[in-house]
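I open these notes to keep a record of what I looked up, entry by entry, with the structure at hand.

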Amino acid sequence: MSRLLVPLHVQSIQNLGKSQDELVYHLTAHLRMNAVYWGLTALCIMDHKDALDRQEMIDFVTSCWDDEAGGFGAHPDHDAHLLSTLSAIQILIIQDALDCVDVDRVVKFILSLQQPSGVFAGDRFGEIDTRFLFCAVNALSLLGRLSELDVEKTVGYIVQCRNFDGGFGSSIGAESHAAQVFVCVGALAILDRLDEVDVPTLSWWLAERQLPNGGLNGRPEKLEDVCYSFWVLSAMSILNKVHWIDAEKLTSFILSAQDTDNGGIADRPGDMPDVFHTLFGVAGLSILGYPGLKDLDPVYCMPADLIERMGLRKGWKNLERRTS
Ligand code: GRG
Ligand code: ZN
């Protein structure tokens with residue numbers, strides 16, 4: 001079996017911001033804050049946190065502050081959104097720079113997006129999704145301000161998204177999807193309401209995501225994709241069922257999607273690598289206990305030692321089965 005090419009992946013993350021003259025750099029501006037979080041977290045798991053300049057990163061995050069809304073946009077001059085606001089908070093916490101933020105204003109922005117049904121809109125334009133609910137719950141928890149959330153209303157919405165197969169969708173009545181399972185189970189874990197999960201049914205549904213080639217898909221009849229190594233495994237880790245997955249076959253699938261020339265991991269072997277799949281590939285390997293990687297907290301998708309120091313670890317075991 002091949003191995004994880006850590007130095008090449010670190011280099012590929014360092015190179016990300018360097019091609020600002022390329023069209024793709026501008027086409028992905030709406031994801032820039034998320035991309036910084038993905039790259040930084042991947043570096044942390046590979047134990048190379050300092051491979052990117054700390055102050056430059058903090059300056060970028062603060063340059064994305066939307067003073068009118070009280071949250072962070074994905075790029076300077078973009079409107080604040082919950083996706084980029086969560087990433088900004090995660091980055092600043094990892095870099096120990098949360099003092100750059102007006103926390104009261106951010107909390108107000110987040111809470112203002114909760115709808116009467118309990119779900120959250122991503123921004124003032126109003127698209128709703130359980131993803132945004134997770135971002136709100138995660139961010140409020142990281143900021144130590146969960147006490148200001150209407151927990152019953154929030155949990156009530158998640159419960160209505162639970163399907164007959166034990167999974168969860170993006171909104172009430174929507175099909176179960178592994179990434180939406182992660183956001184709903186993650187939010188319930190943060191809110192200490194895992195009692196709302198049908199653990200046996202959901203665990204079987206999650207285990208069935210593994211295909212004969214070892215990769216995981218996001219729902220029945222779909223193709224395998226490296227990012228589901230995180231979406232599926234994180235939920236299984238919270239439910240203590242990681243050992244229901246064939247770790248050796250999944251490890252080998254993730255490693256086969258590496259770009260062995262330029263670094264980075266793709267969605268599947270032979271495709272172009274990107275920082276999103278690099279993070280979630282490495283994150284999956286960390287949950288599987290791949291040697292040399294730092295532990296990842298499966299709920300917050302941040303370094304486990306940091307979440308532990310913040311007092312937010314709830315005692316889930318995410319390392320039940322180590323590969324050697
Ligand atoms: C802190 C890790 C972390 C996350 C923040 C934004 C967010 C919360 C979670 C995103 C969850 C999500 C819905 C991810 C999308 C994953 C994905 C590969 C979607 C593709 O869906 P389809 O239907 O692909 O295009 P399939 O694989 O079903 O063909
Ligand atoms: Zn993917």
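Before the entries, I note that I take contact to mean heavy atoms within 4.5 Å, and that the model is a predicted one.

**Entry on Arg193**

I looked up Arg193 and found it in the loop between α9 (178-190) and α10. Leaving aside its neighbours within four places in sequence, I find Arg193 in contact with Glu152, Val155 and Leu188. With Glu152 there is a polar contact from side chain to side chain at 3.3 Å, and the side chain of Arg193 makes another with the side chain of Glu196, at 3.0 Å. Is Arg193 buried or exposed? I note it as buried, because its relative accessibility is 18% and the cut-off for buried is under 20%.

**Entry on Val183**

I then turned to Val183, which lies in helix α9 and counts as buried at 6% relative accessibility. Not counting residues up to four places away in sequence, Val183 touches Thr130, Arg131 and Phe134. I also looked up its separation from Gly169, which is 14 residues away along the chain, and read 9.5 Å between the C-alpha atoms of the two residues.

**Entry on the zinc ion (ligand 2)**

Which atoms coordinate the zinc ion (ligand 2)? I list two OD entries from Asp225, the SG of Cys227 and the NE2 of His277, at 2.2 to 2.5 Å. In sequence, the donor residues follow the spacing D-x1-C-x49-H. Cys227 sits in the loop between α10 (199-207) and α11 (228-238), while His277 belongs to helix α13 (residues 275-287), so this pair ties together parts that are 50 residues apart in sequence.

Why do I write the arrangement down as irregular? The four donor atoms subtend angles of 56 to 116 degrees around the zinc ion (ligand 2), and I call the site irregular because a tetrahedral one would need all angles to lie between 85 and 135 degrees. For reference, I add that the ideal angle for four tetrahedral donors at a metal is 109.5 degrees. As to accessibility, Cys227 is buried, with a relative accessible area of 6%, and His277 likewise counts as buried, at 9%.

**Entry on ligand 1**

I counted 16 residues around ligand 1, of which Leu83, Ala179, Arg219, Lys222 and Tyr228 come nearest. Three of these side chains place a polar atom by an oxygen atom of ligand 1: for Arg219 I read 2.4 Å, for Lys222 3.1 Å, and for Tyr228, through an N or O atom, 2.7 Å. The protein covers 73% of the 740 Å² of accessible area that ligand 1 has on its own.

**Entry on positive phi values**

My last look-up concerned backbone angles, and I keep in mind that most residues other than glycine have a negative phi. Asn240, in the loop between α11 and α12 (247-256), has a positive phi, near 60 degrees. Cys301, in the loop between β3 (296-297) and β4 (302-303), also has a positive phi, near 50 degrees. How do I class their accessibility, Asn240 first? I class Asn240 as partly exposed, at 33% relative accessibility, whereas Cys301 counts as buried, at 4%.

Conventions:
Residues are numbered from 1 along each chain as its sequence is written. Chains are lettered from A and ligands numbered from 1 in the order in which they are written. This is a predicted model: local features need pLDDT of at least 70, side-chain atom pairs count only at pLDDT 80 or more; totals for chains, interfaces and linings use all residues. Side-chain values use heavy atoms; hydrogens and water are left out. Donors are N, O and S atoms within 2.8 Å of the metal (3.2 Å for Na, K and Ca); water is not among the atoms, so sites may look incomplete. Four donors count as tetrahedral if all angles lie between 85 and 135 degrees; four count as square planar and six as octahedral if opposite donors are over 155 degrees apart and all others between 65 and 115; anything else is irregular. Helices (H or I, at least four residues) and strands (E, at least two) are DSSP runs, numbered from the N terminus. Buried means under 20% relative accessible area, exposed over 50%, partly exposed in between (1.4 Å probe, protein chains only). A residue is near a molecule or strand if one of its heavy atoms lies within 4 Å of it. A polar contact is a pair of N or O atoms within 3.5 Å; within protein, one must be able to donate a hydrogen and the other to accept it, and residues adjacent in sequence count only if both atoms are side-chain atoms. Accessible areas come from the Shrake-Rupley method with a 1.4 Å probe; for residues, only the protein chains shown count as cover.
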